[in-house]
Amino acid sequence: MKFCLVVASKKGGAGKSTLTQIIAQVLANDGQKVTILDADPNKPQFRWREGKSKLNIKVIGDVSEQNIVKMIDDVQEGFVIVDLEGVGSRLVARAIARADLVMVPIQASGLDAHEAGNTIALITEEEELLRRKIPYKLMLTRTSAMIPSKIERQMVTELTGMGLSLMEAQLNERAAFKSVFVEKLSLYELSENVSGLQKAIQNAETVVKEIFA
Ligand SMILES: Nc1ncnc2c1ncn2[C@@H]1O[C@H](COP(=O)(O)OP(=O)(O)O)[C@@H](O)[C@H]1O
Ligand SMILES: [Mg+2]
């Protein structure tokens, strides 16, 4: 079995790299083979791999417009997750063309609904070009772990109203999701001192379950 998940959003800071890392960790902890292709110019995944995590996550950092398709195709088994840059480049288009599923993370701010529409338009263009459906799921990120804010509720209404495929699960704003990059460890390896760690793990697993449902 091979599955290619591409994490895309034209907006920088939407939560692509965080979502990529969190999905990879949950899958790897579940015994799956995971390869991350790090196409973020800041190479967050590549730097994470320099840490001590024992999870079976392979990170490939030297990804370019020229080699992205081959890099995806070269992976024989397990999950390939592509962490993209926040633009509409040829690299992004090529990765989307190879995707089994595109995840589009968005933050709950007014401007981001518009950006989400732009990213979906990019996916639609690829669908037309390739004459195949490219499944995608929108997901709100960095949302309140407690009571949804007014703007979060408005976003849900707005995106659903636009007829977009919005996931029910949301990735909450959690210290643990930052700590994994600071400590270069997985959620399952962080010190119990990290606040809300168990809730973060629960949240991450709920998200991954819905993505692959
Ligand atoms: N769920 C989250 N909880 C806490 N911080 C988050 C979360 N998602 C993203 N961040 C923070 O927001 C910033 C941008 O996130 P990042 O994943 O790098 O976005 P992108 O890759 O889309 O540019 C980073 O500082 C990251 O630590
Ligand atoms: Mg990034």
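**Strands, helices and a magnesium site in a predicted model**

Me: How many bridges join strand 2 to strand 4?
Reply: In this predicted model, strand 2 and strand 4 run parallel. Within this pairing, Val 34 stands opposite Phe 79 of strand 4. The number of bridges joining strand 2 to strand 4 is five.

Me: Which residue in strand 4 is the bridge partner of Val 7?
Reply: Strand 1 (residues 2-7) pairs with strand 4 in the parallel sense, over six bridges. Val 7 has its bridge partner in strand 4, namely Asp 83.

Me: Why is strand 4 described as largely enclosed by the rest of the structure?
Reply: Strand 4 covers residues 78-83. A residue counts as buried when its relative accessible area is under 20%. Strand 4 is largely enclosed because, of its six residues, the number buried is six.

Me: Which residues are the protein donors of the magnesium ion (ligand 2)?
Reply: The donor atoms, an OG and an OD, lie 2.0 to 2.1 Å from the ion. One donor residue is in helix 1 (residues 16-29) and the other in the loop between strand 2 (34-38) and helix 2 (44-49), 23 residues apart. Both residues are buried. The donors are Ser 17 and Asp 40.

Me: Are helix 1 and helix 7 roughly parallel or roughly perpendicular to each other?
Reply: The axes of helix 1 and helix 7 (residues 175-183) come within 10 Å and cross at roughly 85 degrees. Angles of 65 to 115 degrees count as roughly perpendicular. The two helices are therefore roughly perpendicular.

Me: Which residues of helix 7 make the contact with helix 1?
Reply: The residues of this contact divide into four nonpolar, four polar and no charged. Helix 1 contributes Ser 17, Thr 18, Gln 21, Ile 22 and Gln 25. From helix 7 come Phe 177, Val 180 and Phe 181.

Conventions. Residues are numbered from 1 along each chain as its sequence is written. Chains are lettered from A and ligands numbered from 1 in the order in which they are written. This is a predicted model: local features need pLDDT of at least 70, side-chain atom pairs count only at pLDDT 80 or more; totals for chains, interfaces and linings use all residues. Side-chain values use heavy atoms; hydrogens and water are left out. Donors are N, O and S atoms within 2.8 Å of the metal (3.2 Å for Na, K and Ca); water is not among the atoms, so sites may look incomplete. Helices (H or I, at least four residues) and strands (E, at least two) are DSSP runs, numbered from the N terminus. Buried means under 20% relative accessible area, exposed over 50%, partly exposed in between (1.4 Å probe, protein chains only). Two strands pair if DSSP finds at least two bridges between them. Axes are lines fitted to C-alpha atoms, for helices over the stretch in contact, and angles run from 0 to 180 degrees between N-to-C directions. Angles under 35 degrees count as roughly parallel, over 145 as roughly antiparallel, 65 to 115 as roughly perpendicular and the rest as oblique. Contact means heavy atoms within 4.5 Å. Ala, Val, Leu, Ile, Met, Phe, Trp, Tyr, Cys and Pro count as nonpolar, Asp, Glu, Lys and Arg as charged, and the others, Gly among them, as polar.
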